[in-house]
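User: Could you take a close look at one part of this model for me, the largest nonpolar core, and then carry on to the helix packing? I'd love one connected walk-through.

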Amino acid sequence: MKQVVQNYKSGELAVLDVPVPGCKPGGVLVRTVYSLISTGTELMKVSEAGMSMLGKARSRPDQVAKVMQSVATNGVPATYRKVMGKLDSYTPLGYSLCGVVEQVGAGIDDVKAGDLVACAGNEHALHAELNWVPKNLYAPVPDGLAPRHAAFGTVGSIALQGIRQGEPQLGDVALVIGLGLIGQLVVQLLVASGVRVVGVDPDPARCELAERTGAAACGDPASAAVEAVVAELTDGHGVDTVYLAAGGGSNQPVELAARLCRDRGRVVDIGKCRLDLPWNAYYEKELDVRFSRSYGPGRYDPEYELEGRDYPIGYVRWTERRNLACFLDLVARGRVDVEPLISHVADFDDAVETYQRLKDGELKAVAVLFKYPEQTAVEAESPSVAVPRATVKPGPARAAKGPVRLAFVGAGNYATSMLLPHLTKREGVELSTVVTTTALSAANAQRKFGFAEATTDLDAVLGDNSIDAVFVVTRHSSHAELTRRALLAGKAVFVEKPLALTEDDLAGVLAAVEESGNDRLQVGFNRRFSPLLQEASKRFGARTGPASLRYLINAGRLQHGSWYLQQAAEGSRFAGEGGHFIDTASWLLGADPVSVYAVATAGNEDLQVVLRYPDGSTATISYVTTGAPGFPKETLDLVADGKVLRLDDFVRASVHSQKKWVSSRLPKARDKGQNAELAAFIKAVRTGGPMPVPLESLVATTAATLAVQTALGAGTPVTLAGPR
């Protein structure tokens, strides 16, 4: 693999071929997607390496003290050989990256191969194609957060820890001295905390950038305008906290901090600047000077960083890893925006040239990212999702003897509003039993829809040979398991979407099909059964070339308290209902997708999903929650062969070709196909005929829906592959 290194004696920078690190217990092997150059810390190290020996000594008096101690202990010759040997060695660069887990070491159970993680540490998050990272120095990347943004995790943690040391409160006024990378992040984090911020930096471009991202005002440290703004915002008292994010040898930041800080205010040192405290100024105001130690508690503790021993949260609320996860969450939710800070993205192969341009001042940047070759990112497991298949030899399908007897597992809002009203009116159907977890809800469903029995005993229902079909209409997390049990019991199954929330759950359903020989399964993908869409598709006719399909779902925001928001247990909102739209697209295009790509806005509120099909057709599904409530929920356009099909929220459709066809408007009802879907399912159960939708299509749609989450994390298209 390749890695960026530097010889501290000669100053040489190089990209070397080095062995791949082993995957030791207690950590993971990560393949880098993006790594971030710290334009402050790393450039200081690069500049020092180019100095003379005397210059190196002057810049690192702490190391000179160690050398003198070694001379006193070991003598000059031995110390000289030791120092020269250390200087004339390659040392790594880098400490903040985002990558894909390639291998998991023993003792790691919170991530798996293919997961996207942000990594920290100047020994573990290096500018290298592969890094071994111990448990407490990585954090999973939230769904929807772009890898290039997640690469800021470490520097974000440094800024976050500095702010925690300042203990900001709502309404405070803070001064940030130094608006480099760390200073810019400090500004945004303070603004997100409800603090008004004044920034100081001699670079006008950096001042303007900080103002664009939330600072009240910024200016040159020598400018009287800064003092005037502080006086105005604080009624002349001075700021509550000063954050020193500057570097260099000037003592001006420390003196400015004392001048603009209020009585008994706080001064927090985050960067590495000169700290000759003017005694009178700090004494008279009794200023509280604090230091921020890198990413947070755990830093420099080998038991925490290397051995994975966490600090109890009750005693240490914010550790290195918890700071890292917190910053990633803030970026994912749009509270911090790192995109404006990215000045340049360089190919990893151009690392040496990029450092040289930064050092020479040719490239002026706040943040610079290295982008690694795409093939290194896609070699991991995540960009491929298996579409499993069941090998089953079903016996003759059993036709119903007399009325089709149904059992409902679950009687929530969807079942009682969209399914049961159609079934109660249908001849040849008998509502036999309703099963719920609470007795009262079962009794209510029995009374309202005329079920013969109401119970909370699912086993009794599955063991009742007189029941022909089971409807699974429960919360999403239970669908796969209930479907599996009903199939094993020999029942025909109608399960509302989604069929499964994980690949393992989907495999479990198909294992039940193979074990039982029972493939009598239908998932509630009703839109393909809509009479309006059926008619529009017929009018559109066959096509010869690839098609482009656009499907906008104006989903709207959920009400507070909705169980759809319980993503940890019930999966993401798209995982729950996205199958509807993928199935509709696949039905219209006459095939199952072969790849999935997905991106999300900050906070993962709006999704763009692109599906590719075998004949070159594409479908783009825009699933948005931030639109106007009055706009139609679903609009669809299908374009191919000089024809356009338009669907407007299942109340009107049109086809534009040589002859234009427009449906009559349905002013009151939107028929999304539930009634026709139920009719097709009941007919299949009654006659023993094939299920309305082939099992292979149901599985392919479910796999594609699951692949959306994988694609969001990987940042690349995900192939829908055959069984592994």
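Analyst: Happy to; here is the core, followed by two helix pairs and one strand residue.

This is a predicted model, in which local features need pLDDT of at least 70 and side-chain atom pairs count only at pLDDT 80 or more, while totals for chains, interfaces and linings use all residues. Residues are numbered from 1 along each chain as its sequence is written, and side-chain values use heavy atoms, with hydrogens and water left out.

A nonpolar core here is a set of buried Ala, Val, Leu, Ile, Met, Phe, Trp, Tyr and Cys residues joined through side-chain atoms within 4.5 Å. Buried means under 20% relative accessible area, exposed over 50%, and partly exposed in between (1.4 Å probe, protein chains only). The largest such core has 74 residues, and Val609 and Ile621 touch the most other members. Helix α25 (residues 695-714) gives the most to this core, with 10 residues; helices (H or I, at least four residues) and strands (E, at least two) are DSSP runs, numbered from the N terminus. With contact taken as heavy atoms within 4.5 Å, and leaving aside neighbours within four places in sequence, Val609 meets Phe574, Val596, Tyr597, Ala598, Ala619, Thr620, Ile621 and Val708. Another core, of 56 residues, lies apart from it and includes Ala174 and Leu328.

Now for the helices. Axes are lines fitted to C-alpha atoms, for helices over the stretch in contact, and angles run from 0 to 180 degrees between N-to-C directions. Helix α21 (residues 531-540) packs against helix α23 (residues 573-589) at about 30°, with axes 11 Å apart. That makes α21 roughly parallel to α23, as angles under 35 degrees count as roughly parallel, over 145 as roughly antiparallel, 65 to 115 as roughly perpendicular and the rest as oblique. Leu533, Gln534 and Ser537 of α21 meet Thr584, Trp587 and Leu588 of α23.

For helices α19 (residues 479-488) and α20 (residues 503-516), the angle is about 0° and the axes are 9 Å apart. These two are therefore roughly parallel to each other. Among the residues making this contact are Leu487 of α19 and Val513 of α20.

Finally, Asp648 sits in strand β29 (residues 643-648). Asp648 is partly exposed, with a relative accessible area of 26%. Not counting residues up to four places away in sequence, Asp648 touches Glu634 and Thr635. Asp648 and Thr635 are 13 residues apart in sequence and 4.9 Å apart in space, C-alpha to C-alpha.
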